[in-house]
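Reader: I would like to go through this assembly with you before I get back to the bench. Could we take the contacts between the chains and then turn to the surface?
Author: Gladly, and the picture below is a good place to begin.

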Amino acid sequence: MRDNPVLRVVAKIIIPMILLFALYVQFHGDFGPGGGFQAGVIFAAGFILYGLVFGTEALRSAVPPGLLRWVISLGLILYTGVGIATMLMGSDYLAYGALAHDLIHGQHLGIFLVELGVGVTVSAVMVTIFLAFAGRNDP
Amino acid sequence: MSVAGLYNYWIVILLMMTGFYVVISSGNLVKKIIGLNLFQASVFILYISMGKVADGGAPILREGITHYSNPLPHVLILTAIVVGVATTALGLALVVRIREAYGSVEEDDIHRQDESL
Amino acid sequence: MLIESINIVLLGMLVVTAIAAIRLHDLFAVTMMFGIYSLLAAVVFVVLDAVDVAFTEAAVGVGISTVLMLATIGLVGRREQRPAHRPLLPLLVVVVTGVALVYGTLDMPFFGDPGAPVHQHVAPYYIGQSPEQTGIPNVVTSILASYRGYDTLGELAVIFTAGVGVLALLGLRRRKRPGKENRVS
């Protein structure tokens, strides 16, 4: 697929839009349909499209596998970290009310961070899985 | 609305049984995993069907809507879909390794090779 | 009534694609059928008010899992051997299980019934209290991240573990290919 000009040009136009849409879904998930899981898979779909059209080698240089390995755990650490932070602030595990001075702000902040953690881990795991499969039959 | 009210469940059972049939009748490991996915998707449809309320809106609170569909099945299935693809990938990775070890993904071939050892 | 009729048509199309997927023996075609099946399921979710779920199913079922299956087929070959024996026993098992399940549905509340037990338990509490307790209009997000935060943490841990499992099985680094005699068959 690497020498098909139509595919390359269309992919170059579409991929930034997919990534931007994923960010919108991530950060607008409190008010409309969306959230960490959806945004994570859409973000990963953008990278997978890049890998499909330009080859896994190009994807590997865009997202270094060594970095990916850290990012997978980063989201989970962020999620558990929010829980530990609320405990240190004198509340229960994952009770976001303690994160800010009033309940609603704390909930907003907590849900934002937790969804961010979900999005980061989900997208990193999906890209990793794709690279593991598609990189298997590289010459 | 007597029997028609159960239509969704019956279709779901039909889909579930097609997935189940693929899993138990096919000898090809990749096709078995596709069958498991068909089965899984039918379970998703079952949950979402149960969460639907007639004349309800999508569970995003806004002015002028009084009935909402049940959001709880949506949450369960939302996470289940992403977990499902992650576990499917694990299964497919096992299939790839089996292929590299045995040179085949057909159940019969794999059994035959195991017996001849 | 419109929703019900769209629902009936879409579910019928799902059955057709599922049966087509059984009857085909080319794995590439089966995967394409599975992609269509997922897309139809996503449309069904929109019709049944589950917009968040439809999003995810459209991205995962149609995009990512189809790509993964195609990548696997690229590695293991696309032809499926036809089974040597007649599939009578599996058919019998499937029919018996199906009849038992249909018998089980006879007690279930009808589709869309607002008085069903599912809608009486915690869901009204979540819908009613979410604006005051979390200030978030999307109830799915507030349940996912706040009310059921522990569940979601567990699900995320499962995804993390599956990712680590794939890494352990396949690895990300390119294999060094020493010589042809060393290659796995």
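Author: A definition comes before the rest: a salt bridge here is a side-chain nitrogen of Lys or Arg within 4 Å of a carboxyl oxygen of Asp or Glu. Please also keep in mind that this is a predicted model.

Reader: Okay, so how many salt bridges are there between chain C and chain B?
Author: Between chain C and chain B the count comes to 2 salt bridges. C:Asp49 and B:Lys52 form a salt bridge through their side chains, with 3.0 Å from N to O.

Reader: And how many residue pairs are in polar contact between chain C and chain B?
Author: For chain C and chain B that number is 19 residue pairs, where both residues have pLDDT 80 or more.

Reader: Which helices of chain C supply at least two residues to the side that touches chain B?
Author: Helices α1 (2-23), α2 (27-47), α3 (51-76), α4 (88-105), α5 (123-133), α6 (139-147) and α7 (149-170) of chain C each do so. The most comes from α3(C), which gives 14 residues to the side of chain C that touches chain B.

Reader: How much area do chain C and chain B bury between them?
Author: The size of an interface is often given as the accessible area lost when the parts come together. For chain C and chain B, about 7600 Å² is buried, and 77% of it lies on carbon and sulfur atoms. On the chain C side, the residues that lose the most area to chain B are C:Asp49, C:Phe111 and C:Leu169, which together account for 9% of what that side buries. As for residues in the contact, chain C brings 83 and chain B brings 74.

Reader: Switching over, what area is buried between chain B and chain A?
Author: There the buried area is about 860 Å², with 83% given by carbon and sulfur atoms. B:Ile60, B:Leu78 and B:Val82 lose the most area to chain A among the residues of chain B, and together they make up 45% of what that side buries. The contact joins 12 residues of chain B to 11 residues of chain A.

Reader: Which side chains meet in a salt bridge there?
Author: Those of B:Glu100 and A:Arg136 do, at 2.8 Å from N to O, and the count between chain B and chain A is 1 salt bridge.

Reader: New topic: is C:Thr141 buried or exposed?
Author: C:Thr141 counts as buried because its relative accessibility is 2%, and buried means under 20%. This residue is found in helix α6 of chain C.

Reader: What is C:Thr141 in contact with?
Author: Apart from neighbours within four places in sequence, C:Thr141 is in contact with A:Gly29, A:Asp30, A:Gly34, A:Ile111, A:Glu115 and C:Ser146. A polar atom of the C:Thr141 side chain lies 2.8 Å from the backbone oxygen of A:Gly29.

Reader: Last one, which residues make the nonpolar surface patch?
Author: The patch, of about 540 Å², is made by A:Val6, A:Val9, A:Val10, A:Ile13, A:Ile14 and A:Met17. A:Val9 is found in helix α1 (residues 5-27) of chain A, and A:Ile13 is found in helix α1 of chain A too.

Reader: Why can A:Val9 be part of a patch?
Author: A:Val9 has a relative accessible area of 48% and is partly exposed, so A:Val9 passes the cut-off for patches of over 30%. A:Ile13 likewise counts as partly exposed, at 48% relative accessibility.

Methods:
Residues are numbered from 1 along each chain as its sequence is written. Chains are lettered from A and ligands numbered from 1 in the order in which they are written. This is a predicted model: local features need pLDDT of at least 70, side-chain atom pairs count only at pLDDT 80 or more; totals for chains, interfaces and linings use all residues. Side-chain values use heavy atoms; hydrogens and water are left out. Patches are made of residues with over 30% relative accessible area and no salt bridge: like charges are joined within 9 Å, nonpolar side chains (Val, Leu, Ile, Met, Phe, Trp, Tyr) within 5 Å. Accessible areas come from the Shrake-Rupley method with a 1.4 Å probe; for residues, only the protein chains shown count as cover. Helices (H or I, at least four residues) and strands (E, at least two) are DSSP runs, numbered from the N terminus. Buried means under 20% relative accessible area, exposed over 50%, partly exposed in between (1.4 Å probe, protein chains only). Contact means heavy atoms within 4.5 Å. Buried area is the accessible area (1.4 Å probe) that two parts lose on being put together, summed over both. A polar contact is a pair of N or O atoms within 3.5 Å; within protein, one must be able to donate a hydrogen and the other to accept it, and residues adjacent in sequence count only if both atoms are side-chain atoms.
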